[in-house]
Amino acid sequence: MGTGHAWRARERGRLAGWLLALAACLCMLPAAASDPTLRLGAGESSFPLAGAMHYWHDTSAEATPDQAFSRAHAGGFAPLPDGNPAFGFQTGAYWFHLPVENLQRDEPLWILVQEYALSDKLDVYLRHPDGHVEHTAGGDHVPFADRFIRYRHPNFRLDLPAGERMELLVRVQSESSMQVPLALYTPKAFAELLRDAQFSNGLYYGIVLALLCYNLVLWLMLRDASYFWYLLHTGAFGLVLFTLNGYGFEYLWPTSAWLADASIPLSICLALIGMQLFARSFLDLRTRWPLGDKVCLGVVAFFAMLGVAATWLPYSIATPIASRAVLLGVAWIIIATVVMLRRGYQPARLFLLAWSLFLSGTAAFTLLAFGVLPQNFWTQNGVQIGSALELLLLSLALGRRYASLREENIRIVQETNETLERGLIDRTRELRTTMAKLGEANVKLQEYSRRDPLTGAYNRRHFREAFAQMLAARKGSGRQIALLLLDLDFFKRINDSHGHPAGDSCLVEAARRIEEVAAQRGGLVARFGGEEFVVALACRDAQDALQVAEAIRLRIQQDPVRHEALAIRLSVSIGIHTVSSERGDSAEEIIRIADEALYRAKGDGRNCVRHSLTTA
């Protein structure tokens, strides 16, 4: 009996030892790696790939696709640093690997887009589960006509059957900045992307074209060198962005890889020459700062030589030099402008602001190109935003400059008649320009005089004039005119509780919401005074007017007004009066009756609509 107990005890000990050994072995096993597959789930139409891709820098640029696939399977690819697909100017080739599984049965066709226009060579390899590989080539060293869709960014067709795990391998080799913001789109999502991109870029180039035409007319009229150099700067920098955004390769040289590369440093140098000569003319460096004028001419000579050298220098050398030179060129203009400001040249103030904005946008784009800043909306579009503001401000600066010159003319006339005779032709020309700008300012001033300065709605005086015209025009039309008087409820309480800035925010937002509804019916909106607004519009009958008023009431009540950390709820009381085309009531009588209806709405508890025809 004792022997049996001892045997069972030994067996239990042996079993416990095996279990402990097994547990130790399990603990030593590596943790299961997370599945790197990107699954294209239902309901999603676009997938940025930066966060999911792994990459490998092939410094010799000699690896084959099979070697890259093998390296990826062996764990030789690394995640993108901080998910940033920008690496700056690099040699060799970059490989990007990503397993993909399409879970959308109704979307077997996807479009891979490289959202950077200047990559030289892109090779896309798609490996199917059975092992065969599809290869497509792209980039601006491949004719533009070979692209799947005629679009400024390289794009590739990917057939991804639902439920099959595919492997995507992308090879990028370029003398340009190594930026690889890849994304997958359904055809519908890509069409929407193309529409939005065309709109935003069209808006920018529309601004550039408008400024070119406007200042070309002024230059032809005035023959002033400042306008000519402004035209050169604007046109050349427009060409820079036309090229950087891929439109040059799409429309101007779709089969020339050499021009696709050389156009960037060449256009940059041309734009920098225009910048320097415009600054030299605007700041009048030749007269006011001769040393600065010589430095400016030296900078122009440097950019001219760099432009010539860019025709034979490798792209990987010429473009980084030109990109850095943009920052240096703009920095020198800012230095010269600051010097002129310290010397009392007042037109340089707006000039300085313009170039500071341009420098900020250009610096963001340049630092993105060198991989210092991550890719986002501001770094991608910094040059366009900064240059658009800069071009607009420079046009304003030209106007301010001429205003300053006019004041200087008065001083010169007082000092000597001889100077007047010598400068009469130039000053007369400048005066014409100033008068033309004053005429434009008068037109704007007339519009401002019709508007309430706080809300932007029409003011009371303009409303009375326009309303009288509406009443006169309605006769014989068969339609009625509705007048709505609106009063924000308990507005004094808002000012007392939260302060007048909060009250102003409420008035601005209320005006916006009223116009939002009234504009759909062609209504005329004005601020009548204080927290009161008035709307006049054509309507079928009283019920139609009530529906519009109720829509305005609900729109104002719908969302709180945000002011700093506050969320302020608004409501409005509305009084209505409608008049037919046969009645001859005066504007004052109509307003008085609508005002009575408004007081009834207030008396009935506020936040309601009352018509002059109703008694409840």
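These are my notebook entries on a few elements of the structure, which is a predicted model.

**Entry 1: helix α2**

I first looked up which residues of helix α2, residues 65–73, are buried. They are A68, F69 and A72. I then viewed the helix down its axis: the buried residues fall within an arc of 100°, so they line one face of α2. Next I asked what these buried residues pack against. Their partners are the strands β3 (54–58), β6 (93–102), β8 (121–127), β9 (133–138) and β11 (165–173). I also noted the backbone that comes after the helix: α2 is followed by G75, which has a positive phi, near 80°.

**Entry 2: cysteines**

I searched for disulfides and recorded zero in the structure. I then checked two cysteines for accessibility. C269 has a relative accessibility of 2% and C539 has a relative accessible area of 0%. Because the cut-off for buried is under 20%, I entered C269 as buried and C539 as buried.

**Entry 3: the five-stranded sheet**

I traced an open sheet of five strands, and wrote down the order β15-β16-β14-β19-β20, with mixed pairing. Which strands stand at the edges? They are β15 (524–529) and β20 (609–611); each has a single partner strand, so one side of each is left without a neighbour in the sheet. From one strand to the next, I noted an average twist of 20°.

I then examined the pairing of β14 (residues 480–488) with β16 (residues 532–539). The two strands run antiparallel and are joined by eight bridges. To fix the register I looked up I481, whose bridge partner in β16 is A538.

**Entry 4: helices across the sheet**

I looked for helices lying across these strands and recorded α13 and α17. Helix α13, residues 460–473, lies across β14, β15, β16 and β19 (572–579). Its direction is at about 135° to β15. Helix α17, residues 587–603, lies across β14, β15, β16, β19 and β20. For α17 I noted an angle of about 145° to β19.

**Entry 5: N495**

My last query concerned N495, which I located in helix α14, residues 491–498. Is N495 buried or exposed? Its relative accessibility is 14%, so N495 counts as buried. I then asked which residues N495 is in contact with, leaving aside its neighbours within four places in sequence. I recorded H500 and G503.

Key
Residues are numbered from 1 along each chain as its sequence is written. This is a predicted model: local features need pLDDT of at least 70, side-chain atom pairs count only at pLDDT 80 or more; totals for chains, interfaces and linings use all residues. Side-chain values use heavy atoms; hydrogens and water are left out. Buried means under 20% relative accessible area, exposed over 50%, partly exposed in between (1.4 Å probe, protein chains only). Helices (H or I, at least four residues) and strands (E, at least two) are DSSP runs, numbered from the N terminus. The arc is that of the directions from the helix axis to the C-beta atoms. Contact means heavy atoms within 4.5 Å. A disulfide is a pair of cysteine sulfur atoms within 2.5 Å. Two strands pair if DSSP finds at least two bridges between them. Axes are lines fitted to C-alpha atoms, for helices over the stretch in contact, and angles run from 0 to 180 degrees between N-to-C directions.
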